Amino acid sequence: MNTFSRFFLVLISLPLLTACAGSAYKLPAVNDADVKTMQQKIADNNEPLVVYERSDKKNKQLVANIASRLAKNAKPLCTYAEYKSCYFQVEYNPGNEINAYASENYKITVYRGLLQYLKNNDEIAAVIAHEMGHHLANHNEEKQQNASAGAAISGILTAVVLAAANNNNPYYNSYQQQQDQKTLEDMMHVGAKVGALSYSKEQEREADLLATYLLSRAKYDLKKAGNIMVVLSKSSGEGSLSRSAFLDTHPAGVERVVAWQEAIDEINHNPSKLPYLSKK
Ligand SMILES: [Zn+2]
């Protein structure tokens, strides 16, 4: 199959792969005025990112304790979200990567590189609860679809670039064509990886919403926990955190800071302490 037939194959399969499940829960409404006010507030805050040095032993202990406190309080949410096992395997990784992620069916990995920017138990709990939220909402299964879409998009972009590069090239021969084919396949693998790692904005907000309910049930301080959103949002434009894998996979936006506050308000007025279902 030549580059172009592959290109068209990829193109026609794309709409099938990008079907989006949408949020099962009513996400907090975020209005533009609140976003603008928050944007200004974050811009005015010039506090630099602080590094909190802790030993691996301490970090491991913190992650284990916080994960167990969250899991102990997750049962009603698990039942509600139909996350039947209600099991989370939370692991500490001493690596420098500024990252945390949910993988497979119940795994969560938190890196030292990210923990060093987190001030207290509430902020660490926010990160773990957010990843638990991805599991509760079954995002990893939805992500499999994104992975295929990621491969497709990456393949398309590569095919387009290669085609543009070789257009009008009289020396373009079959050897080069073979090489291009290989590049295209490699890029589809890269695309699958990137696609697999990224959640949609809606999925991020859904994980945040479930995280706020989980944190509230486990009696963490939601306001303090929400500071992680401010830190991430503040650093998404510049600085060391802006190059972190955590931000690549968890796009931070001022909208998320505002939505977090809205969620706190919602929980305070919601006697069931379970998120409202979205009307479809
Ligand atoms: Zn996330």
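Select helix α3 (residues 56–72) together with helix α6 (residues 121–136), whose axes come within 10 Å and cross at roughly 60°; helices here are DSSP runs of H or I with at least four residues, strands are runs of E with at least two, and both are numbered from the N terminus. The axes are lines fitted to C-alpha atoms, for helices over the stretch in contact, with angles from 0 to 180 degrees between N-to-C directions. That angle makes α3 oblique to α6, on a scale where angles under 35 degrees count as roughly parallel, over 145 as roughly antiparallel, 65 to 115 as roughly perpendicular and the rest as oblique. The crossing of α3 and α6 is right-handed, a word used if the near helix is turned clockwise from the far one by less than a right angle, with left-handed for anticlockwise.

Now show the side chains between them: Leu62, Ile66, Ala67 and Leu70 of α3 make the contact with Asn121, Ile124, Ala125, Ile128, Ala129 and Met132 of α6, where contact requires C-beta atoms, placed from the backbone, to lie within 7 Å. The residues of this contact of α3 with α6 divide into nine nonpolar, one polar and no charged; Ala, Val, Leu, Ile, Met, Phe, Trp, Tyr, Cys and Pro count as nonpolar, Asp, Glu, Lys and Arg as charged, and the others, Gly among them, as polar.

Before going on, note that this is a predicted model, in which local features need pLDDT of at least 70 and side-chain atom pairs count only at pLDDT 80 or more, while totals for chains, interfaces and linings use all residues. Residues are numbered from 1 along each chain as its sequence is written.

Keep α6 selected and add helix α9 (residues 201–217). The axes of α6 and α9 come within 7 Å and cross at roughly 120°, which makes α6 oblique to α9. The crossing of α6 and α9 is also right-handed. On the α6 side the meeting residues include Ala125, Ala129, Met132 and Gly133, and on the α9 side they include Glu206, Ala207, Leu210 and Leu214. By class, the contact of α6 with α9 has ten nonpolar, three polar and two charged residues.

Zoom in on Gly133, which lies in helix α6. Is Gly133 buried or exposed? Gly133 is buried, with 26 other C-beta atoms within 10 Å; a residue is buried if 20 or more other C-beta atoms, placed from the backbone, lie within 10 Å of its own, exposed if 12 or fewer, and partly exposed in between. Leaving out residues up to four places away in sequence, Gly133 touches Glu206, Ala207, Asp208, Leu210, Ala211 and Leu214. A distance label drawn from Gly133 to Leu209 should read 7.8 Å, C-alpha to C-alpha, although the two are 76 residues apart in sequence.

Next, move to Arg205 in helix α9, which counts as buried with 23 C-beta neighbours inside 10 Å. Its C-alpha atom is separated by 9.4 Å from that of His130, 75 residues away along the chain. Apart from neighbours within four places in sequence, Arg205 is in contact with Leu27, Arg256 and Ala259.

Arg256 and Ala259 are among the buried residues of α13, as are Val257, Val258 and Trp260, so follow them into helix α13 (residues 254–268) and bring up helix α2 (residues 32–44), whose axis comes within 9 Å of that of α13 and crosses at roughly 110°. The two helices are therefore roughly perpendicular to each other, and their crossing is right-handed. Asp34, Val35, Met38, Gln39 and Ile42 in α2 meet Val254, Glu255, Val257 and Val258 in α13, a contact with six nonpolar, one polar and two charged residues. Of the 13 residues of α2, the number buried is one, so α2 lies largely in the open.

Finally, select the loop between α4 (75–81) and β1 (89–93), the place of Glu82. Phi of Glu82 is near 60°, a positive value in a residue other than glycine, and Glu82 is exposed, with 9 other C-beta atoms within 10 Å. Cys86 is found in the loop between α4 and β1 as well, with a positive phi of about 50° although it is not a glycine; Cys86 is partly exposed, with 17 other C-beta atoms within 10 Å. Most residues other than glycine have a negative phi.

Zoom out to end the tour: the secondary structure of the protein comes to 13 helices and three strands, and of its 280 residues 38% count as buried.

Key: Two residues are in contact if their C-beta atoms, placed from the backbone, lie within 7 Å.
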